Structure formats: structure tokens, C-alpha cells
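Reader: I'd like to go through this model with you and ask where each label comes from. Could you show it first?

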Amino acid sequence: MWYWASQPEPTLRAPLQGSATCDVGVVGGGIAGLSAALHLTQRGYKVTLLEAERIGWGASGRSGAQAIFGVAAGQDRLIKLIGAADARRVWDMSVEALSLLRELIGTHGIECDYVSGQLHAAIKPRHVDELRQWHEELHTALGYRSVTLLDAAATQRLVASQRYIGGLHDTNSGHLQPLKYLRGLAAAAERTGCIIHEGSRVLRYTRRDGLLRLATAQGELTCQQIVFAGNAWLGDTVPAIARRIMPVGTYIVATELLGEGVARSLLPDNTAVTDINWVLDYFRRSTDHRLLFGGRVSYSGLDPFDTAKATRQRMVNVFPQLRDARIDFAWGGYVDITLNRAPDFGRLEPDVYYLQGFSGHGIALTGLAGKLVAEAIAGDAERFDVFAGIPHREFPGGALLRRPALVLAMLYYRLRDLL
């Protein structure tokens with residue numbers, strides 16, 4: 001994976017061994033877990049974070065790393081789920097999440113190659129209509145004025161591809177190197193007093209003698225409260241929330257070094273781009289002048305095709321000028337999708353919290369989620385409970401039927417993309 005190969009690997013933090021105690025145990029070393037740990041330690045809590053592998057090993061550290069506004073469900077669906085007032089509060093907090101990301105980077109001196117600018121790109125005439133309606137909603141209904149509607153010529157000045165015939169550009173969104181961001185958050189949390197154990201997969205949680213306990217292969221953490229932030233990578237550690245999300249595979253490739261001139265010719269303003277198909281393509285430049293290109297999904301849990309070859313072909317469809325470019329890195333990971341594509345925050349018990357279901361909109365919102373759960377633990381749950389009030393259904397039929405249901409959905413939307 002290019003993110004890992006592009007920087008030195010830090011020393012492995014020691015796994016949890018024996019017995020330990022804390023106020024709050026956080027499970028998961030992605031952005032949500034690290035943000036929760038950081039904000040809790042800043043409030044004076046004694047926090048221990050348990051990560052099954054390495055910091056950034058899961059979805060946060062593998063992602064396309066585009067920080068964008070809103071949630072995957074969209075405002076219209078949120079209004080149907082929770083009403084106009086709370087849907088607006090979710091929207092406002094999604095915009096706050098972008099500000100919080102930049103604040104965390106600045107306050108803690110995190111060098112993560114953050115760049116402003118993101119483009120939603122139209123491929124078909126109906127996409128142009130959708131973007132026009134979206135632009136009107138953002139400007140008029142939501143007062144969000146950092147977005148600009150672009151015609152084909154203006155879009156192609158930002159991205160050198162004839163594939164796109166319009167776009168919606170946002171100067172308030174952006175992109176970054178996610179693993180650098182994660183390692184910076186981890187360092188900030190440790191500076192404020194958080195203890196982090198890597199190689200410490202949580203096997204189960206129990207309650208004994210009135211206290212919560214997190215068991216790993218080599219130790220046990222006793223705590224007063226728990227935050228589960230493992231998302232799709234938590235597996236069946238907590239079955240009650242595992243049934244509310246589906247791990248969906250997505251894939252990214254990194255080209256060979258293209259040179260600054262070629263890289264700039266593809267994306268002159270270093271804007272991050274995603275199209276608006278259901279099965280979408282997304283891409284951006286790297287600091288060492290590669291193209292990082294993501295696309296394809298797997299709802300089956302399998303990767304039946306050669307990832308590098310298939311994703312490379314999608315890249316060449318966008319940029320024919322890269323037909324001879326070599327792929328140096330290819331990797332995949334899981335995002336956690338909910339049935340309604342809205343975030344799923346809540347409580348398993350009054351003192352056991354969880355954060356999941358970001359549905360591909362996690363780079364900014366996960367940071368805010370950590371802040372919200374810290375507020376809730378400290379006694380002010382008003383904002384957390386707006387998200388916790390979003391209704392969610394479990395995927396039908398348990399594990400055996402969850403994937404076929406999503407495969408059918410994928411086929412439907414894939415056919416829709418082709419029309």
C-alpha cells in the first residue's frame with residue numbers, strides 16, 4: 001500500500017498484557033477512535049485505546065481520503081428519517097466536521113499533505129441535472145456557498161478528461177494523506193495522556209462486579225465506559241451492531257512516478273475528484289506525483305478480478321493518456337455501509353457507545369464523531385443523540401443473506417450507472 005510505503009514505519013506499540021484499568025476503553029485505532037481518545041483525554045479522562053493491528057491499519061488508513069460535506073444518505077433521506085430540524089443539525093455538524101479536521105491538523109501540527117478543493121463530476125446529462133439541483137439546494141436551502149457549478153469546459157480545466165461534462169466544485173472540502181493524519185492524531189492523543197496498545201484485538205466485552213471488561217489474547221482492560229469504533233473491521237466482536245452494517249470492499253491503485261509535469265497536467269489545481277455514479281471512481285494526486293485512483297466495489301466479500309488490472313482499466317477510461325503508465329501499488333479495504341447509508345451512532349448500554357456506518361463519508365465525519373461521543377460521556381449528549389436518533393434496520397437474514405441482498409442492490413445500481 002502506497003500510504004505505508006511512502007513513509008518510515010514507526011515502532012510497534014506494545015500489546016496489552018496482563019490487567020490494566022482506565023476510565024474509558026476505546027476499541028479501534030482509526031480516526032473515530034483516535035478522535036474520541038484525544039477529546040476524552042483533553043477533558044481529563046484516563047483513556048486506553050486498543051487496536052487489533054496497527055494505527056491506521058483499517059478503513060481510515062486505506063481510504064481515498066477525500067474530506068467532503070454531508071453524509072452518504074443525503075438530506076432528503078435524512079429528512080424522511082428524522083425530520084427537517086434534526087436533518088439540518090446533521091448537515092451543520094457535517095460542515096463543522098470539515099472545520100474540525102483542519103483545526104486538529106493545525107492545533108497539533110499534523111503534517112498530512114492537506115489540500116483544499118474537491119470536485120463531484122458529471123458523466124451523463126442526467127448527472128448535470130442532478131448537480132444543478134444539488135447546487136441549488138446547497139445554496140438556497142442550506143446556505144452552503146463554497147460550491148460552484150461548472151460547465152464542461154470549466155470542469156475539464158480542473159481535470160484533463162473528456163469523460164466529464166460538468167461538475168460541482170467545493171473549496172471547503174479537500175484531501176489528505178490519511179495514514180499521516182492518523183499517526184498525527186495518535187501522537188496528539190498520547191501527548192495528552194492516552195495509552196495506545198497495538199496488536200490487541202478485543203475478543204469480547206463483559207461486565208463483572210459492576211465494571212466493564214475488554215478481553216484480548218494477552219490481557220484484560222477494566223473500564224467504566226467503552227467506545228467501540230472498529231466499524232467494518234470490528235467483525236463479530238459485538239454481534240448486536242455487526243448486523244447493522246455491511247463491510248463492502250473497495251480498491252485503489254497508485255501509478256508509477258509520473259513526474260510533476262504529467263501529474264499537474266492531469267489535475268492542474270490538485271483537486272480531488274469523484275464522479276456521481278453509484279459505483280463511482282475517485283482520484284487525486286500524491287505529493288510524489290503519482291495518480292491515486294480508486295473504483296470498483298465488492299459486496300460479496302471476495303475480489304474475483306485482478307484488482308490492479310481492473311482498476312487500472314477504469315483509470316485509463318478516465319485518462320487515456322495514462323495507458324502506458326505502470327501500476328506500482330494496489331490495495332483494498334472495507335467501508336461500513338448501513339442500509340439507509342446514514343451514520344449509525346448509539347449505545348449498547350448506558351455506558352457502552354459505538355460509532356459506525358459512515359458509508360464512505362468518513363474522513364471528516366469520523367473526527368467529529370469522536371468529539372461527539374466525548375461530549376456524551378462528559379454529560380452533554382444532545383448532539384450525539386441527534387445521530388443516535390437516526391433509525392436503522394439490520395441487514396436481513398443475518399450473515400448468510402446480508403451479502404446477496406447487497407449484491408442485488410449493486411447490480412441494480414450498476415445497471416443504472418450504465419444508462
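Author: Let's start with rings: those of Phe, Tyr and Trp (its six-membered ring) pair if their centres lie within 6.5 Å, and planes under 30 degrees apart count as stacked, over 60 as edge-to-face and the rest as tilted. By this rule the count comes to 16 aromatic pairs. Keep in mind that this is a predicted model, where local features need pLDDT of at least 70, side-chain atom pairs count only at pLDDT 80 or more, and totals for chains, interfaces and linings use all residues. Residues are numbered from 1 along each chain as its sequence is written, and side-chain values use heavy atoms, with hydrogens and water left out.

Reader: Why is the pair of phenylalanine 345 and phenylalanine 387 called stacked?

Author: The centres are 4.8 Å apart and the planes differ by 25°; set against the limits of 6.5 Å and 30 degrees, that makes a stacked pair. Phenylalanine 345 belongs to strand β16 (residues 344–349) and phenylalanine 387 to helix α12 (residues 382–388), so the contact ties together parts 42 residues apart in sequence. Helices (H or I, at least four residues) and strands (E, at least two) are DSSP runs, numbered from the N terminus.

Reader: What makes phenylalanine 345 count as buried?

Author: Buried means under 20% relative accessible area, exposed over 50%, partly exposed in between (1.4 Å probe, protein chains only). Phenylalanine 345 has 2% relative accessibility, so it counts as buried, and phenylalanine 387, at 1%, is buried as well. Both rings belong to a cluster that ring pairs link, with Tyr353, Phe358 and Phe384.

Reader: How do you know that strand β4 and β6 pair?

Author: Two strands pair if DSSP finds at least two bridges between them. Strand β4 (residues 115–122) and β6 have seven, in the antiparallel sense, so they qualify. One of the bridges puts serine 116 opposite glycine 174 of β6. Strand β5 (residues 147–150) is joined to β6 by four bridges, also antiparallel, while strand β3 (residues 66–67) has two.

Reader: Why is β6 described as largely enclosed?

Author: Nine of the 10 residues of β6 (residues 166–175) are buried, so the rest of the structure largely encloses this strand.

Reader: What makes the charged end of arginine 62 sit over the ring of tryptophan 57?

Author: The rule asks for NZ of Lys or CZ of Arg within 6 Å of the ring centre and within 35 degrees of the ring normal. Arginine 62 has its charged end 4.7 Å from the ring centre of tryptophan 57, and arginine 183 sits over tryptophan 4 at 4.8 Å.
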